[in-house]
Amino acid sequence: HILYLDLHYNDITTFGATALAHILKVNHTLLDLDLSYNGAGDPGAYAFTRALRHNTTLIHLNLSHNNVSPPMMHTLQHEISANRQHSPHYRQTDTHTPTPPHTHTHT
């Protein structure tokens, strides 16, 4: 199972971000997704807000430098915060790094 996925600087457009968001709806293992420095824009970010209503495992989503407006980033933060409240992999004292499951290692 993939727990961390780093796709920063991959020229991912709104179309690609929307496709990834649709996949995220049915993924229940990914904890951390880095899409920084791409081109998702607000439409791609909006697709993630909708996906996060179905996906409750993602606790970190980096969409920085994607031309996402502050109101849309606020909405995403709200959805991610809801996931963090229910995640056994998230430590309240650590706002940046998820706690990996004990049965998996990250290299």
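## Exercises on a predicted model

In this predicted model, strand 1 and strand 2 (residues 32–34) are paired in the parallel sense over three bridges.

**Exercise 1.** Describe the sheet to which strand 1 and strand 2 belong, giving its strand order and stating which strands stand at its edges.

*Solution.* Begin with the pairing already given, in which three bridges join strand 1 to strand 2 in the parallel sense; within this pair, Leu5 stands opposite Leu33 in strand 2. Next, extend the view to the whole sheet, which is open, has three strands in the order 1-2-3, and shows parallel pairing. The edges are then strand 1 (4–6) and strand 3 (60–62), each of which has a single partner strand, so one side of each lacks a neighbour in the sheet. Finally, the twist from one strand to the next averages 0 degrees.

**Exercise 2.** Determine how helix 1 and helix 2 are oriented relative to each other, and characterise the residues of their contact.

*Solution.* Take the geometry as the starting point: helix 1 (residues 14–24) and helix 2 (residues 41–51) pack at an angle of about 5 degrees, and their axes are 8 Å apart. Angles under 35 degrees count as roughly parallel, and the two helices are therefore roughly parallel to each other. Then list the contact, in which Thr14, Ala17, Thr18, Leu20, Ala21 and Leu24 of helix 1 meet Gly41, Pro43, Gly44, Ala47, Phe48 and Ala51 of helix 2. Sorted by class, the residues of this contact comprise eight nonpolar, four polar and no charged.

**Exercise 3.** Carry out the analysis for helix 2 and helix 3, adding the handedness of the crossing.

*Solution.* The axes of helix 2 and helix 3 (residues 70–86) come within 9 Å and cross at roughly 20 degrees, and these helices are therefore roughly parallel to each other. Their crossing is left-handed. On the helix 2 side the contact involves Asp42, Ala45, Tyr46, Phe48 and Thr49, which meet Met72, Thr75, Leu76 and Glu79 in helix 3. By class, the contact of helix 2 with helix 3 contains five nonpolar, two polar and two charged residues.

**Exercise 4.** Place Gly39 in the fold and decide whether this residue counts as buried, partly exposed or exposed.

*Solution.* First locate Gly39, which lies in the loop between strand 2 and helix 2. Its relative accessibility is 32%, so Gly39 counts as partly exposed. Then examine its surroundings: leaving aside residues up to four places away in sequence, Gly39 touches Ile12, Thr13, Thr14 and Asn66. For one of these, Thr13, the C-alpha atom is separated from that of Gly39 by 4.5 Å, although the two residues are 26 residues apart along the chain.

Methods: Residues are numbered from 1 along each chain as its sequence is written. This is a predicted model: local features need pLDDT of at least 70, side-chain atom pairs count only at pLDDT 80 or more; totals for chains, interfaces and linings use all residues. Side-chain values use heavy atoms; hydrogens and water are left out. Axes are lines fitted to C-alpha atoms, for helices over the stretch in contact, and angles run from 0 to 180 degrees between N-to-C directions. Helices (H or I, at least four residues) and strands (E, at least two) are DSSP runs, numbered from the N terminus. Angles under 35 degrees count as roughly parallel, over 145 as roughly antiparallel, 65 to 115 as roughly perpendicular and the rest as oblique. Contact means heavy atoms within 4.5 Å. Ala, Val, Leu, Ile, Met, Phe, Trp, Tyr, Cys and Pro count as nonpolar, Asp, Glu, Lys and Arg as charged, and the others, Gly among them, as polar. Two strands pair if DSSP finds at least two bridges between them. A crossing is left-handed if the near helix is turned anticlockwise from the far one by less than a right angle, and right-handed if clockwise. Buried means under 20% relative accessible area, exposed over 50%, partly exposed in between (1.4 Å probe, protein chains only).
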